[in-house]
Amino acid sequence: MSLPPPFDAPLILQPLSLDWLQRSGVEGAVLRLDLVDPELSGNKWFKLVEHLQAARRADASGLISLGGAHSNHLHAVAAAGRRFGLATVGLLRGHEQETPTVSDLRAWGMQLHWLGYGGYRERNQPTFWEPWQARYPGFYQIPEGGGGVLGALGCAALVPRLQASLGSVGWSDYDVIWLATGTGTTLAGLVIGEAGRHRVFGALAGPPSHAVSAGVARLLAQAGVADGGYELLDASRGGFGRFDKELAQFILATERAAGVPLDPIYTAKTMMALRLYVERGYVPAGTRLVFVHTGGLQGRRAAQGQLQKLIDG
């Protein structure tokens, strides 16, 4: 699948002007993947593109995948299906509820099935997909979150496009990349694309687990790349999706200072972890650091009220 506009446009890299970076002598820039497309924003298109190519090669009649009621991934799958003329099915965690994300999924024609929590936990069982294959024959199965080696290879293409954008901030090179990390697919893709040239730091949105590190190692092995060149750091602040007043205030202050919107699940917690890392002297002065904005802003709609209450309280 050739990249349709706007996905073939140059990526936007802009200076990251924050006091705590400047005081430490660290130069920062943010790769604005959130601006790639209003519906397929962030890293989601890059995780999907190789899966969409595989679906086209298989002459698939539709796409089927999994996620939650606020899933950025399902949001992107539904948008991609509508845009490229493929039916879509979403298998959702929990019980039926209405969220801004779910409203979009319905509006874009995605068929939704709520699995409950126990049913969703069965997704890794070897027989999980059998009834869904029978119900939706010819549909291409996209792993949860757009994962798998195809998802990682799609993200590997970000590296040369990042390098092509360096002139917009007056850089000829950079030293490290920071990004939010969920399953580790995008992290693995960047490590594949970097081929050992620059170190990649993944700030975990959930508590550290063997599953994430093992998953990254597995993806790198499948791509024929050595397991190295990256670090995983805990940015979860007590758990996936948990908010507190300090986080809400940090989002507000950072957006005012840098003009970059953040989501509370991934990018804001990653930026907080980066600030601590910089202020504790772990990033040497003179470092040129790229912060990859992985998107996820559509999911913030459901959290905005809670964030405002934390700020006001």
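**Entry 1: ground rules**

I started with the words helix and strand: both are DSSP runs, numbered from the N terminus, where a helix is H or I with at least four residues and a strand is E with at least two. This is a predicted model, in which local features need pLDDT of at least 70 and side-chain atom pairs count only at pLDDT 80 or more, while totals for chains, interfaces and linings use all residues. Residues are numbered from 1 along each chain as its sequence is written, and side-chain values use heavy atoms, with hydrogens and water left out.

**Entry 2: Ser71**

My first stop was Ser71, which sits in the loop between strand 3 (62–67) and helix 3 (72–84). I picked Ser71 since UniProt lists this residue under "active site" in an unreviewed entry. I noted that UniProt positions are given in the numbering used here, that feature names are shortened, and that annotations may be inferred rather than shown by experiment.

Is Ser71 buried or exposed? I needed the cut-offs: buried means under 20% relative accessible area, exposed over 50%, and partly exposed in between (1.4 Å probe, protein chains only). Ser71 has a relative accessible area of 11%, so I wrote down "buried".

Next I looked for contacts, meaning heavy atoms within 4.5 Å. Leaving aside residues up to four places away in sequence, Ser71 touches Thr101 and Gln298.

**Entry 3: the whole chain**

I stepped back and found 13 helices and ten strands in the chain. The radius of gyration is 19 Å, close to the 20 Å that the globule rule gives for 313 residues, so the chain is as compact as a globular protein of that length. For my own reference, this radius is taken over C-alpha atoms, and the globule rule is 2.2 Å times the number of residues to the power 0.38. Along its principal axes, the C-alpha trace spans about 60 × 50 × 35 Å.

I also checked burial across the chain: 54% of the 313 residues count as buried. Of the contacts between residues at least 6 apart in sequence, 73% join residues at least 24 apart.

The unreviewed UniProt entry lists residues 23–295 as "domain: Tryptophan synthase beta chain-like PALP". Over residues 23–295 I read 42% helix and 18% strand, with the end C-alpha atoms 27 Å apart.

**Entry 4: a six-stranded sheet**

In what order do the six strands of the open sheet lie? I traced the order 1-2-10-7-8-9, with mixed pairing. Two strands pair if DSSP finds at least two bridges between them. Strand 1 (13–15) and strand 9 are the edge strands, each pairing on one side only. From one strand to the next, the twist averages 25°.

**Entry 5: strand 7 and its neighbours**

I then followed strand 7 (residues 176–181), which pairs with strand 8 in the parallel sense over six bridges. Strand 7 also runs parallel to strand 10 (residues 288–293), joined by four bridges. Ile177 is a handy marker: Val200 stands opposite in strand 8, and Val290 is the bridge partner of Ile177 in strand 10. Thr181 stands opposite Leu204 in strand 8.

How many residues of strand 7 are buried? I counted six of six, and strand 7 is mostly covered. From strand 7 the chain crosses through helix 9 to strand 8, a right-handed β-α-β crossover. Right-handed here means that, with the strands pointing away from the viewer, the path from the first strand over the helix to the second runs clockwise.

Helix 10 (residues 210–222) lies across strand 7, strand 8 and strand 9, running at about 160° to strand 9. Such angles run from 0 to 180 degrees between N-to-C directions, using axes that are lines fitted to C-alpha atoms, for helices over the stretch in contact.

**Entry 6: Leu232**

On strand 9 I stopped at Leu232. With a relative accessible area of 25%, Leu232 is partly exposed. Its C-alpha atom is separated by 8.3 Å from that of Thr181, although the two residues are 51 apart along the chain. Not counting residues up to four places away in sequence, Leu232 touches Thr181, Leu187, Gly202, Leu204, Val212 and Ser213.

**Entry 7: two positive phi angles**

Last, I looked up Ala195, which has a positive phi of about 50° although it is not a glycine. Ala195 is in the loop between helix 9 (185–194) and strand 8 (199–204) and counts as exposed at 55% relative accessibility. Arg237, also not a glycine, has a positive phi of about 50°. I found Arg237 in the loop between strand 9 (230–234) and helix 11 (245–258), where Arg237 counts as partly exposed at 31% relative accessibility.
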